[in-house]
Amino acid sequence: MIKKHKNLLRYSFDCLSRYRMRSAVIIVTFLIATTMVSAVLFTKEGLEKEAEISVRMAPDLTVQYLKAGRVAPIPLDYANTIAEVEGVKSVVPRIWGYAGISTYTFTVIGLDTSLIPYATFGSIESGRFLKPDDAGKGNIVIGKLIAGLLNVKVGDDIILLSESVEANKFHVVGLFSDASSIYTADMIVMSIQDARQFFRMPEGYVTDFAVYVEDYEQPANVATKMSFLPNVRILDQDLLLRGYKAAYGARGGIFVTLWTILLVGAALVAFSQAVVVGHESKFEVGLLKTFGFSTLDIIEVRLVESLVLGFFATSLGMVLGYIYAAYLNAPGLVDILLGWAFLPREFRLPVFVSWTSVFSIYAVTVIPLMITTVVPAWLNAITDPELAMRRAAA
Amino acid sequence: MRKIYLMPIMAIILTCTVMVICVTNQASWQNREYYNDLRYAIGLPSIAIGTNYEGTRNPLLEVFVRSLYDIPGGYDYVVPSSFIDTPLKLKEYYESVPGFNITIRRS
């Protein structure tokens, strides 16, 4: 019995090389489709995961000020009112915004240097992070993108133009590491006093408040308690996370849909090839049945063929998709996936290969291929062998 | 080894490679240095992509691009729509944002 199946296996492997054109067409079409689908899926999940990590580190609540429907600086005295709300652990005022250099926009962060944790220093490649005595001195720590763009290093001075077209001179005291680039590439971190000066933020106002709630409280409940405050908008982590997932998911979804359509096309090509070859192999099937092959034996042969072809093409496609996304930063694809965003060459695209993605890709490639190969084989196999050989000869 | 065994063996090797990539990739995410203290200190929710567009590191609404950059008579639907399809259809956009002025939303 085992010997019979071994022989059937050997015969089906032999068929793979005998019907070379069919094998090549199926492999190429499935290879292209699975490479693109896997690159999109792996990248989309990587971006979602990175966003999730950052959102988890974000404040429990972000309080902004609305004026005529637009975000405006929030009065500093709101901090005291918010701090008195039940469940609020701390309220951190922030001043941050954007600065343009060339065609790029960088994120300028003003930090209260007296509150910076020591562990933050691990993200620095050269120089040092800000210290409490850097407040108001114009010292900054910059990311790899701006360092590369301006060709600056620790110890150099840079001049940034503010919105009011005034030149502001800053001294670079630290450079963020490559490893932290996914978060820091576009950052210019300075003391909150320097940021106030740079943005010409009026005294008594800040950009927004980072609010941290007590461990026993739900941020959403605390946010509800703040609803009495006029002109504020309160964003919680869950809302931000869903926003990011929607942003990356929506674009990724479009491409997965497109490439799934291509996969269906590839399955149709496989079906067409199987029918054509099925026509050619009618004589062969008739001969095999005359020699004593059963219908099940012939289906087994074709099943093994399609499994080998399916797993070969799909696995190779996924390996190539992974290399394309993880090592080559998915050129051509990433621009569309990120929308208007761009990816600084200073860091690699975050790629996450989940079991769900891997098995989904196998499911949408191998199973349709099996069906489209086995069905024509079954139709051939149930035909009377003599009739099949006569038709093939004719 | 006979030539006919080449493709089946390659199929098995490649499938195992995919499994290995999956395991090692997930392990690398678990062992990665996220610089949590830095992210906690800075507190921005986004990663550093999209730095040529000023909205991408701003909380929520600015993620959905310039929804507050309204033009006289109505919000700019074109720009957010070009970013992620039509954000006004997303419930995250209009259901859970306290204070978001949605009074001129189209019916």
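Reader: What share of the 394 residues of chain A counts as buried?
Author: Happy to start there, keeping in mind that this is a predicted model. Buried here means under 20% relative accessible area. By that cut-off, the share of buried residues in chain A is 56%.

Reader: Is strand E1 of chain A largely enclosed or open?
Author: Strand E1 of chain A covers residues 61-67. Six of its seven residues are buried, so the rest of the structure leaves E1(A) largely enclosed.

Reader: Which strand does E1(A) join through five bridges?
Author: Let's look at both partners of E1(A). With strand E12 (residues 208-213) of chain A, E1(A) runs antiparallel and shares three bridges; there, Val63(A) has Phe209(A) as its bridge partner. On the other pairing, Gln64(A) is bridged to Arg233(A). That pairing is also antiparallel, and its five bridges lead to residues 232-236 of chain A, strand E13.

Reader: How many residues are in the largest nonpolar core?
Author: Nonpolar side chains tend to be buried together in soluble globular proteins. Among the residues touching the most other members of this core are Val63(A), Phe209(A) and Ile142(A). The core's full count is 44 residues.

Reader: Which residue of chain B is included in the second, separate core?
Author: This core has 42 residues. From chain A it includes Phe13(A), Met318(A) and Val351(A), and from chain B, Ala11(B).

Reader: What percentage of the contacts in chain A with a separation of 6 or more comes from residues 24 or more positions apart?
Author: Ile142(A) gives a nice local example of contacts, with Val172(A) and Ile188(A) among its partners beyond four places in sequence. For chain A, residues 24 or more positions apart account for a share of 79%.

Methods. Residues are numbered from 1 along each chain as its sequence is written. Chains are lettered from A and ligands numbered from 1 in the order in which they are written. This is a predicted model: local features need pLDDT of at least 70, side-chain atom pairs count only at pLDDT 80 or more; totals for chains, interfaces and linings use all residues. Side-chain values use heavy atoms; hydrogens and water are left out. Buried means under 20% relative accessible area, exposed over 50%, partly exposed in between (1.4 Å probe, protein chains only). Contact means heavy atoms within 4.5 Å. Helices (H or I, at least four residues) and strands (E, at least two) are DSSP runs, numbered from the N terminus. Two strands pair if DSSP finds at least two bridges between them. A nonpolar core is a set of buried Ala, Val, Leu, Ile, Met, Phe, Trp, Tyr and Cys residues joined through side-chain atoms within 4.5 Å.
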